[in-house]
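Trainee: Please take a close look at one part of this model for me, the backbone in its loops, and then set it beside the interior.

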Amino acid sequence: MKIKACIFDLDGVIVDTAKYHYLAWNRLAKDLGFEFLPEHNERLKGVSRVRSLEILLEVGGLTFSDAEKEQMATLKNEWYLEFIHKMTPDEILPGVLTFLSELRNAGIKIALGSASKNAPLILQQVKITQFFDAVIDGNKVSKAKPDPEVFLNAAKELGVDPSLCVVFEDAEAGVEAALNGNMRCIGVGSPEVLNRANLVIPGFENFSLVSLDAVC
Ligand code: BG6
Ligand code: MG
């Protein structure tokens, strides 16, 4: 196998934090006088905090000044952090730990490529920081997925050519970002949504290095 590095998205791939994002966004929507439905939340996957707020306000048909929006995003993040601070290693999605250990044992480098500014805290909460040779999060990038910046920075920090990297992603924009960066991509989730990925898996249970060979 020629793969030298695996780059993981965080939210929806390693942990299911989408539910906490949803609870916090819905609380804000309720304060603003409307309901933010679970199906609206799908549009926020892989999208930055500021862009997520803009989508939420679009759904509610509301407009605010930049200063007001900044306040709202801060408030939502405070509520989100209340959930994150309670997270434990039990919340790591099935099969992830086994796969990370397998990669380490095989000498394959591991990086995180996430749009979240809370990514380092979440890794800490679920106690898996030590697996990662590089962590590129929302604080370290200026261009959002589908721009490949986050994944290219990860490859650079690992010292691995992009063509030798595989990205694991649950968001359509993330799959595009990987392909735009000349990387292989394994979608984690629904084949209908992630149809541009080289392979789509429902999760990491029953997934191993051998299965990785199929796309490399
Ligand atoms: C992404 C999530 O990983 O991070 C998005 O899929 C989220 O839903 C984005 O908006 C930014 O997260 P945070 O933690 O910086 O608000
Ligand atoms: Mg994600």
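Mentor: The loop between β6 (199-201) and α9 (209-213) holds N206. This is a predicted model, and in it N206 has a positive phi of about 65 degrees, though it is not a glycine. Most residues other than glycine have a negative phi, and most peptide bonds are trans. N206 is exposed, with a relative accessible area of 81%.

A second such residue is K127, with a positive phi of about 60 degrees; it is not a glycine either. K127 sits in the loop between α6 (119-125) and β3. Its relative accessible area is 57%, so K127 counts as exposed, the cut-off being over 50%.

Another loop, between β3 (134-136) and α7 (149-158), contains P146. The peptide bond that joins K145 to P146 is cis, with omega at about 15 degrees.

Now the interior. The largest nonpolar core has 52 residues, and F8, I14, F132, F168, F204 and L212 are those with the most contacts inside it. Helix α1 (residues 18-32) gives the largest share of this core, six residues. At least three residues come from each of domain 1 (5-16 + 91-215) and domain 2 (18-84). Leaving out residues up to four places away in sequence, I14 touches F8, D9, E91, I92, L93, V96, L112, I128 and F132. Another core, of 20 residues, lies apart from the largest one; among its members are I7, V167, M183 and C185. In soluble globular proteins, nonpolar side chains tend to be buried together.

How values were computed. Residues are numbered from 1 along each chain as its sequence is written. Chains are lettered from A and ligands numbered from 1 in the order in which they are written. This is a predicted model: local features need pLDDT of at least 70, side-chain atom pairs count only at pLDDT 80 or more; totals for chains, interfaces and linings use all residues. Side-chain values use heavy atoms; hydrogens and water are left out. A nonpolar core is a set of buried Ala, Val, Leu, Ile, Met, Phe, Trp, Tyr and Cys residues joined through side-chain atoms within 4.5 Å. Buried means under 20% relative accessible area, exposed over 50%, partly exposed in between (1.4 Å probe, protein chains only). Helices (H or I, at least four residues) and strands (E, at least two) are DSSP runs, numbered from the N terminus. Domain bounds come from an automatic or database domain assignment. Contact means heavy atoms within 4.5 Å.
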